[in-house]
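This report covers a domain interface, some backbone angles and a few buried sites. Please read it beside the sequence and the model.

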There are 2 protein chains.
Amino acid sequence: DYQHVQVPFEITLWIMLASLAKIGFHLYNKLPSVVPESCLLIFVGLIMGGIIYGLNDKSPPVMDSDIFFLYLLPPIVLDAGYFMPSRPFFENIGTILLYAVVGTIWNVFGIGFSLYGICQVKAFRLQDVSLLHNLLFGSLIAAVDPVAVLAVFEEIHVNEKLHILVFGESLLNDAVTVVLYKLFRSFCEMPTIKTVDIFAGVGKFFVVGLGGVLVGLTFGMTAAFTTRFTKDIRVIEPLFVFLYSYLSYLTAEMFHLSGIVAIIACAMGMKRYVEANISLKSHTTVKYFMKMWSSVSDTLIFIFLGVSTIGENHEWNWPYICFTVIFCLVWRALGVLVLTFFVNRFHVNTITSKDQFIIAYGGLRGAICFSLVFLLPDFHRKKLFIAATTVVILFTVFIQGMTIRPLVDLLAVKRKRESAPTVGEQIHIRFLDHLLAGIEDISGHWGQYYWKDKLEYFNSKYLQKILLREYDQPKSSIVLLYEKLERKHAIELAEAGQLGHAPSHPSLLCSVFLCSNNDRTVIMDKKLEDTLNPDVLENIQEILARNLYRIRRTGPAYNRHTLPGETEPVEHAKEILILRHKSL
Amino acid sequence: DYQHVQVPFEITLWIMLASLAKIGFHLYNKLPSVVPESCLLIFVGLIMGGIIYGLNDKSPPVMDSDIFFLYLLPPIVLDAGYFMPSRPFFENIGTILLYAVVGTIWNVFGIGFSLYGICQVKAFRLQDVSLLHNLLFGSLIAAVDPVAVLAVFEEIHVNEKLHILVFGESLLNDAVTVVLYKLFRSFCEMPTIKTVDIFAGVGKFFVVGLGGVLVGLTFGMTAAFTTRFTKDIRVIEPLFVFLYSYLSYLTAEMFHLSGIVAIIACAMGMKRYVEANISLKSHTTVKYFMKMWSSVSDTLIFIFLGVSTIGENHEWNWPYICFTVIFCLVWRALGVLVLTFFVNRFHVNTITSKDQFIIAYGGLRGAICFSLVFLLPDFHRKKLFIAATTVVILFTVFIQGMTIRPLVDLLAVKRKRESAPTVGEQIHIRFLDHLLAGIEDISGHWGQYYWKDKLEYFNSKYLQKILLREYDQPKSSIVLLYEKLERKHAIELAEAGQLGHAPSHPSLLCSVFLCSNNDRTVIMDKKLEDTLNPDVLENIQEILARNLYRIRRTGPAYNRHTLPGETEPVEHAKEILILRHKSL
C-alpha cells in the first residue's frame, strides 16, 4: 500500500539521502577542504537528476517554488537571523543597506539595460526580448543569495566585517528583489505604464522593507512575552521560537512584504529575551535544532538545484548566456567599487581593496534566483531565462565558490580571529561603548552609540519588565558569561575526574570574582589561592568581601540613567554580596 | 495573498493554539491537579467546534484519519518507545502480551456478540445491524488507546509494574486491532466467508506483530550503525533518530504490518547504541525534541477529538450506545479477572485485586478508535457507530479519567517510589541478575535471566563492535551513571558558586570511588574525607588505590564469558586505576 504513505515516505527518503550524502563527504577529510559542500551537493543532485532522466526518459521534477519559499528557505533564514552577530551587523548597518538597496538596484538596471543592448545585435537573433523582460530577468539574477553565500563563507573564515558585509547584503536585498521582481512582472502584464506606477514602485521599497521589520518585531516581542509563562511546561518552550518566527515569515509573505526581513527581525528581536526566559536545556534544543534544520534545508536545496538542472527546460543561446555571466560579474564589481568609494569617505575604518575584491567576487547566486525564474509567467523566451539563470548559478557556485578560498589565501585577506575575546577585552569594549555614548551625548551628535545607549535604556526600563520572567534579578552579560564559564569548567573537571579535591585550573578564565552591577568587576586570581593554606585564604576572602561591600556602599557606580540618590544599585549589590558571602 | 500561505499558516496556527491552551491550563495550578489535561483539551476542542459550527452552520472538519496515522501518532509512539523503561517491560512481557493479544480478542468477540444480542431485541429497532458489522465495531472499540492511557497515567503516578501493564498492553494491542479490523472489514465486503479465510486471519497475527518487530529492529540497527559516522557533523545527528524511526513506521504501514510495534522496536533497539554514539548535546536535543513533539501531537489529537465531536455526523440510538458503554466496561473487567487468575498461578509476584481493578478501569479509549470508525466503508449505520464511539471515548476519558486519581488514592494503590534507586541498590539488582542467570544456566532452565544474559553476551561480542563508534572503551552502565552524577554535581556546585573551595556535598550519591570492570564497585564515603585533614587523606587514598590494584591483579573478576587466563580485564582495570590515581 505505497499510495497511502507516499508523501511522507518520499520526503523522509529525500532528507535521508541528503543527510547520508553529507556524512559521505565528511568520511573523506580532504574533499570538503578543497571543494565547498554546496558544489558537492549540486553534483550529487546532477547525478541523481541524470539517473532519473535516464530511467524515465522525461525531465526530472523541478524544485517547486512554493516548497522552496514556504518550507526550505525559512529555517535557513531563521538560523541566520538567530545567530547573527549583532554587534558587527549594527556597526555596519549603513554600509550593508547601501550595498543591499543601491547596489542591487544598480545591478538590476545595469544587467537589464546591457542585456537589452545585446538583444539589439541582429546576429544574435534575440530582438524579440523586450526591455521590460530584460529588466525582469535582471531583477531576479541580480540578487546575491544568502544560502549560497552562507554555505561558502562559513567555510573560508574571512574576518567578521567582510563576512557580515556580504552576508548582510544577501539577506537584506530580499526586500529590493521582491519589489523589483513584482514591479517588472506586473509591468510586463500591463498594456501601458504610467509615471505614477513607477513612483508607487519606489514607495513600495519602504513599505516592503519596513513592513517586514515591523511584522518581525511584533512577532518577536510576542514570542518573548509568551515564554514568560512557560515555566511549568518547559517541554514546549522551544516550540514557540519556531512557531512565532515561522508565523512572522508567513504573515509577511501574506501581505507581500519581505518574509526574509521579517524572520530576521523576529529572530534578532526575540533572541535576547527568549534566552533569558527559557531553561538551559530548552535553549540547547533550540540552538541545535535550528542548526540541524537549516543544515538539512540547505542540503536539500543544493541537491534539488542539481536535480532540476537536468532536463529539457532549457533553450540554449550562446551570446545571451555568456553575456549574462559577464554582465553579472562586471556590474557587481563596478557597483562595489563605486559604493565603497563613497562608504570609505565617511568612515575611519575603511574597506580595503582586497576586501572589495572579495565582496565583489563573493556575490554568489543560488536557489532564490532559480525559484523566481520558474515562477515567471509563461512566455516564449522563459526557457532561455531558465538556461541563463542555471548557468549563472552553476558558474558562481562552482567556479567562484571553489576559487574563493585559494584567492583568500593568495591575497592574504584578514581572517577571523580564532580565539574568543577574553573577559578583559569584553569589559574594555563595553567600557568604550559607554564612554563613546557619553561623548556623543555631550557633543550633541546622534551617532550609533547614542542610539544604542538609548535603546539599551528603553530595554531595561520597559521591555525587560514586560518580557522577562525574572526581572527582579537582572543579570549583566558578564555575570551570565561568568556563570557559563563556571558551568563549563565544572563539567570539564567532572569529566577529568578531578572534582572535589583538585585545585582549580590556573589558566581558567573564570577565576574572576565578580560583584558586578554596571559591569564593574574585581578580578581575583585563583592562582594566589592555590599557594595559600585554607584558613588564611578564608580570612582574606572574608575581608575582601566586606571591603568590597563597603566600597560599593560609599561610592555607587556612575550610571547615565540612575541618579546617585537611587538606592536600587546599592541594594542589588548587597544582595549579590550576601549571596556570594554565604558561598564563601 | 492568503491562498499562497494557507496550508502552513493554518497548521502553524493550530499548533500555536494547542500550545497556548496548554500554557493557559498551567497558569492556574489547581486545575490540572483535579482534571486531567486530556479532558481540558477535549473541552477546548468542543468549544472551538461549537464556535465553528455556530459561525458556519455546517459541521466543523473532522480529524483526517490519514493526518492522524501518518503525522500525529508516530511522534507519540516514538516518545513512548524511546523512554520505555525496558526492565519492567521485559520482566512483564508475558503478562503484557497475554492482555494485549488474548485480552483484546476476548473483548472484541465479547462486545461484538453481546451487541449482536442487543440488536435482536425488536423494541430497539436495530435488527439491520449484522453480526459481522457488530464484530467490526467491536474490533475498533475494544482496543485500549496508548495516547489516552499515557495522558492519564502519567499524571497519577501508580507503581511501575501497574503502569507498564496497562501502557504496554495499549501499545502492543495495535497488532491485534489492525488484524481484526482489517479482517472483519474485508469479511463485510466478501459475499461468503470460507473457513480458510478465518485461519489465514489467525496466521496474520504473527505476521503483523513479528513483522513489525523485524522492520523496527532492522531500522533501529541501521540507525545505530549510521550514527557511528557522524562524528564530523554533529549537527545532523539527532535527525537520524527521527528519520529512521519514522521510516520504520511508514515501511511497516506500507506492508500492512503494525507501525506502532515497528516504531517501538526501532526506538528500543537503537536507543542504547545511539546514546553512546552521539554527543551529549545531540542527545539532549533528541530527548527534548521528542518530548516536545509528542506533547504537541498529543495536544492536537485531543483538541481535534473535541472539534470533531460537534456536528451532524451522529445517529442517536439510546439502547445501542448505552449498551456499548456497559459492555466495554463489563467485558474488560471480566477479561482482566480471568487472565490475571491464570497469570497469578504462574508468578510469585502476583497482581493484587486492587491492581486488577485499576487495570480494568484504566482501559481508556481514544483517538485510534475515533480514526478507525471514520475509516469505515460507507454503510447506512456508520453514523450510529460514530456516535457510539464518540460516547465511549468521552465517557472513558472524562468519567474514568477524572475519577481514576481519587480511586487510586482511596484504594491506596501502591505508588511509584519518588526517589531514584541508589547506586547500592542498582549494584545489588545487577548482582542478583548475574546470580539468577548463573542459577538458570546450571539448572538448565531457559528463563528470562538466561535469555537476558545471552542477549547481553551477543550484544557485547558482536553488536557493540559493529554499532558503536568507540568500542575500545566499553563503559558499563554504572560508570556512565557515575559520570552523569559527577557532571550533575559539578553543575550544581557551579550554580551555587561553591566550585573549587567548597567541600563535597555529603549527601551526594556520586561519592563512589569506582574501579569497575564487571560492575564491581568499591564505595568510599566522602563524609569520612571531610573529617580528615588533606595530608592524611591523600595518604589513605594512595594506599587504597594501590591495594585495590593489587586485589584486582591477584583475583580477576569472575565472568561467565571470559576465562581467568584472559588478560584483558586486568589490563583494563589497570588503565582505569592509573587514570584515577593521577587525578588523586
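Helices here are DSSP runs of H or I with at least four residues, strands are runs of E with at least two, and both are numbered from the N terminus. The model is predicted, so local features need pLDDT of at least 70 and side-chain atom pairs count only at pLDDT 80 or more, while totals for chains, interfaces and linings use all residues. Residues are numbered from 1 along each chain as its sequence is written, chains are lettered from A and ligands numbered from 1 in the order in which they are written, and side-chain values use heavy atoms, with hydrogens and water left out.

**Buried sites in helices**

Asp355(A) is found in helix α15 (residues 353-361) of chain A. Asp355(A) is buried, at 13% relative accessible area. Buried means under 20% relative accessible area, exposed over 50%, and partly exposed in between (1.4 Å probe, protein chains only). Asp355(A) touches Asn159(A), Leu162(A) and Val413(A), leaving out residues up to four places away in sequence. Contact means heavy atoms within 4.5 Å. Gly168(A) lies 187 residues from Asp355(A) along the chain, and their C-alpha atoms are separated by 15 Å.

Thr340(A) belongs to helix α14 (residues 318-345) of chain A. Its relative accessible area is 0%, so Thr340(A) is buried. Tyr99(A), Ile351(A) and Gln356(A) are touched by Thr340(A), again not counting residues up to four places away in sequence.

Chain B offers a whole buried helix. In α16 (residues 367-374) of chain B, eight of the eight residues are buried, so the helix is largely enclosed by the rest of the structure. Among them are Cys369(B), Phe370(B) and Phe374(B).

**Positive phi in loops**

Most residues other than glycine have a negative phi. Two residues of chain A have positive values, as tabulated here.

| Residue | Phi | Loop in chain A | Relative accessibility |
|---|---|---|---|
| Arg125(A) | near 55° | between α6 (93-119) and α7 (131-141) | 68%, exposed |
| His256(A) | about 60° | between α11 (237-254) and α12 | 37%, partly exposed |

**The domain interface in chain A**

Chain A is assigned domain 1 (62-409) and domain 2 (423-474). Such bounds come from an automatic or database domain assignment. The centres of the two domains, taken over C-alpha atoms, are 31 Å apart. Contacts join 17 residues of domain 1 of chain A to 14 residues of domain 2 of chain A.

How much area do domain 1 of chain A and domain 2 of chain A bury between them? The value is about 1200 Å², with 43% of it on carbon and sulfur atoms. Buried area is the accessible area (1.4 Å probe) that two parts lose on being put together, summed over both. Arg87(A), Arg228(A) and Tyr273(A) supply 47% of the area that domain 1 of chain A buries against domain 2 of chain A, more than any other three residues.

The rule finds two salt bridges across this interface. A salt bridge is a side-chain nitrogen of Lys or Arg within 4 Å of a carboxyl oxygen of Asp or Glu. Arg272(A) forms a salt bridge with Glu456(A), and their closest N and O atoms are 2.7 Å apart.

On the side of domain 1 of chain A that touches domain 2 of chain A, the elements giving two or more residues are α5 (86-91), α10 (195-226) and α12 (259-277) of chain A. α12(A) gives the most to that side, with four residues.
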